[in-house]
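This report describes a single protein chain for readers at the bench. Please have the sequence and the model at hand while reading.

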Amino acid sequence: RPDYATIVYCNILKQLYPDVPIVIGGIEASLRRLTQYDYWSDTLKPGILVDSKADLLVYGMGEKPLLELCNRLASGEAFASIQNIRQTVYLQAATSDDADNALRLHSHEECLMSKRKQAENFRHIEEESNRLNANTLIQQVGSMELVVNPPFPPLSTEELDRSYEYPYT
C-alpha cells in the first residue's frame, strides 16, 4: 500500500476513467476533510478532495449518507447535482454566497501562515462535528472551496442493530 493511498488510487482512477465519479470515505478521508496537519511530511495539507480529485467525501459512519446517495442515484438524479446530503463534503468554485447556517473557516492559505488560525479552525470543526444541529463548514483552498455538510443525527438503537445484523464476512 502506498503512502497517501486514497490520493494515489483516486488519481490513477481519474486518469483511467475521468468521467466516472469517485466517492471516498473511511478514516483517512474523514480525518482529512479540511486542512489538517500531516505527520509524514510535517506540513499542513489541504482537504483530501483537493489532492485526490475525488468527487464526494463521506465522513464518519457512512450508513445514512451512502443510503441516501444510492437512493438518489437510483431515482435518476445526476451525480453532479447531489451536493446537499448530510455528512458529505464536496469541492466547488469559490463563491461569496454562503448557505444558511454556514460557518466560513479560515482559508487553507491563511492556516499555512498562522498556527492560531489553524487552531481556531480545528476548534470549530470539532464543535460542529459533535452538535446535533451543526452548521455547514466552508473553507477556501485557492480558487476553490470545500463545503462540509452537517452530520446526520446518530443512528438510533434500531438502526445500529439492523446494520450489525447484515451478513458481514
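How many nonpolar, polar and charged residues are there, by class, in the lining of the second largest pocket? The lining has six nonpolar, one polar and four charged residues. The sections below place this pocket in the context of the whole chain, which is a predicted model.

## Overall architecture

The chain has seven helices and eight strands. Its C-alpha trace spans about 50 × 40 × 30 Å along the principal axes. A compact globule of 169 residues would have a radius of gyration near 15 Å, and the 16 Å of the chain agrees with this.

Of the 169 residues, 36% count as buried. When contacts between residues at least 6 apart in sequence are considered, 64% of them join residues at least 24 apart.

## The six-stranded sheet

Six strands form an open sheet with mixed pairing, in the order S1-S4-S5-S8-S7-S6. Strands S1 and S6 stand at the edges; each has a single partner strand, so one side of each is left without a neighbour in the sheet.

In a regular strand, side chains alternate between the two faces of the sheet.

## Strand S7 and its partners

Strand S7 covers residues 136-141, and five of its six residues are buried. On one side, S7 pairs in the parallel sense with strand S6 (residues 102-104) over three bridges. Arginine 104 has isoleucine 138 of S7 as its bridge partner.

S7 also pairs with strand S8 (residues 144-148), here in the antiparallel sense and over five bridges. Within this pairing, glutamine 139 stands opposite leucine 146 in S8. The two strands form a hairpin with two residues between them, and glycine 142 in the turn has a positive phi of about 65 degrees.

Strand S8 is joined as well to strand S5 (residues 88-93), again by five bridges and in an antiparallel arrangement. Leucine 91 stands opposite leucine 146 in S8. Leucine 146 therefore faces glutamine 139 and also leucine 91.

## Two contrasting positions: cysteine 10 and glycine 25

Cysteine 10 lies in helix H1 (residues 5-16). With a relative accessibility of 5%, cysteine 10 counts as buried, because the cut-off for that class is under 20%. Beyond its neighbours within four places in sequence, cysteine 10 is in contact with Ile22, Ile24, Ser52 and Ala54. Alanine 54 is 44 residues away from cysteine 10 along the chain, yet the C-alpha atoms of the two are separated by 6.3 Å.

Glycine 25 is located in the loop between strand S1 (23-24) and helix H2. Its relative accessible area is 39%, which means that glycine 25 is partly exposed. The C-alpha atoms of glycine 25 and aspartate 98, which are 73 residues apart along the chain, are separated by 25 Å.

## Pockets

The largest pocket contains about 380 Å³ of space. It is lined by 18 residues, of which Gln87, Ser129, Pro151, Phe152 and Pro154 are the closest to its centre. Helix H4 (residues 63-74) gives the most to this lining, with three residues. By class, the lining has nine nonpolar, five polar and four charged residues.

The second largest pocket has a volume of about 290 Å³. Its lining consists of Arg1, Tyr4, Ile27, Glu28, Leu31, Arg32, Gln36, Tyr37, Asp38, Tyr39 and Trp40. Helix H2 (26-31) and strand S2 (36-38) each supply at least two of these residues.

## The enclosed cavity

Rolling a probe the size of a water molecule over the atoms shows where empty space is left. In this model there is one cavity of 30 Å³ or more, and the largest cavity has a volume of about 60 Å³.

The residues that line the largest cavity are Arg33, Tyr59, Ile125, Glu128, Ser129, Ala134, Asn135, Leu137, Val148, Asn149, Pro150 and Pro151. Helix H6 (residues 115-129) contributes the largest share of this lining, namely three residues. By class, the cavity lining has seven nonpolar, three polar and two charged residues. Ser129 and Pro151 appear in this list, and both are also among the residues closest to the centre of the largest pocket.

How values were computed: Residues are numbered from 1 along each chain as its sequence is written. This is a predicted model: local features need pLDDT of at least 70, side-chain atom pairs count only at pLDDT 80 or more; totals for chains, interfaces and linings use all residues. Side-chain values use heavy atoms; hydrogens and water are left out. On a 1 Å grid over the protein atoms alone, a cavity is a set of points where a 1.4 Å probe fits but cannot get out, and a pocket is an open set with protein on both sides within 12 Å along at least five of seven lines; lining residues have an atom within 4 Å of a point. Grid points are joined across faces, edges and corners, and a volume is the space filled by probe spheres set on the points. Helices (H or I, at least four residues) and strands (E, at least two) are DSSP runs, numbered from the N terminus. Ala, Val, Leu, Ile, Met, Phe, Trp, Tyr, Cys and Pro count as nonpolar, Asp, Glu, Lys and Arg as charged, and the others, Gly among them, as polar. Buried means under 20% relative accessible area, exposed over 50%, partly exposed in between (1.4 Å probe, protein chains only). Two strands pair if DSSP finds at least two bridges between them. The radius of gyration is taken over C-alpha atoms; the globule rule is 2.2 Å times the number of residues to the power 0.38. Contact means heavy atoms within 4.5 Å.
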